[in-house]
Amino acid sequence: MKYPRGPAPNLPDRFAGRPVIDAGKCGKDCVKACAESCPTGAICLKDRNDMALDMGKCLFCRACEDSCVSGALRFSGSHQLAAAYRKDLVVSSGSAQRPANASNNKAVKMFARSLKLREVSAGGCGACEADTNVLSTVAWDLGRFGIQFVASPRHADGLFITGPVSRNMKEALLKTYEAVPSPKIVIACGACAISGGPYIGHNEVCDGVGGVLPVDLYIPGCPPHPLTILDGLLRFLEITK
């Protein structure tokens, strides 16, 4: 495909992208059904003028959109969801609709056009891993940007982590991180890796990577679409063509 030199490929009509919030549409009789419908507590609704949605926790299941009779919350078709800072994943009413900054000066300087990643499934269901694997097919051809997944952490520049980091995977993840030569980066892909996803708060998970390792790039979704993952990686390295 021509992307990113050309337009992005078309996405399915039911694709749920970056949320758009207009709390001003909340009626005075709002019963906060959107917040109550969210299975991961991604929505914070203090009053009808103060609403925020945390994409790091969001499963993009659209239960909140379906329960919002006023149309104050909807999901756009924007695939650009990745951010370099955890706080930038929180979308609030009236916030700018442009994608959050995902670039990383260290990564651009050290790894642009030559980034090797070791993928670690830290208790994931396989969905994020599957959509990541799509990027290695001939249609997407991730290698044309110099980005490759390698078999050993000793050959990697960083880790690409999926899953909520189960207790049984924590030690293995830490050892894998230690095996990566410095300087190194960490990418958290998917709601599980960012916040624990549907397992958030469970005793057997660490609620994502952030409490275990420093994270340089967050790619939200459950799972993120391959285009969302690719966009995050390209903006992370400031690759535009």
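Which backbone oxygen does the side chain of S195 reach at 2.9 Å? The legends below take up this question and two further close-up views of a predicted model.

**View 1. The surroundings of S195 in helix 6.** The residue S195 belongs to helix 6, which covers residues 191–195, and its side chain reaches the backbone oxygen of G56 at 2.9 Å. The side chain of S195 also reaches a second backbone atom, the nitrogen of G197, at 3.4 Å. With a relative accessible area of 7%, S195 counts as buried, because the cut-off for that word is under 20%. Leaving aside residues up to four places away in sequence, S195 touches G56, K57, R86, I200, D207 and G208.

**View 2. The loop residue A42 and its contacts.** A42 sits in the loop that runs between helix 1 (33–37) and strand 2 (43–47), and A42 is buried, since its relative accessibility is 5%. When residues up to four places away in sequence are not counted, A42 touches A52, L53, D54, K57 and C58. From A42 to G17 the separation is 25 residues in sequence and 15 Å in space, taken from C-alpha to C-alpha.

**View 3. The largest pocket and its lining.** The largest pocket holds about 170 Å³ of space, and it is lined by F15, A16, L59, F60, L81, P220, G221, C222, P223, P224, H225 and T228. Sorted by character, the lining of this pocket has 9 nonpolar and 3 polar residues, with no charged residue.

Note on methods: Residues numbered from 1 in each chain as written. Predicted model: local features only at pLDDT ≥ 70, side-chain atom pairs only at ≥ 80, totals over all residues. Heavy atoms only, no water. 1 Å grid on protein atoms, 1.4 Å probe; cavity = no way out; pocket = protein on both sides within 12 Å on 5 of 7 lines; lining within 4 Å. Points joined across faces, edges and corners; volume = space filled by probe spheres on them. Nonpolar A, V, L, I, M, F, W, Y, C, P; charged D, E, K, R; others polar. Helix = DSSP H or I, 4+ residues; strand = E, 2+ residues; numbered from the N terminus. Buried < 20%, exposed > 50% of the residue type's maximum accessible area, 1.4 Å probe, protein only. Contact = heavy atoms within 4.5 Å. Polar contact = N/O pair within 3.5 Å; in protein donor to acceptor, adjacent residues only side chain to side chain.
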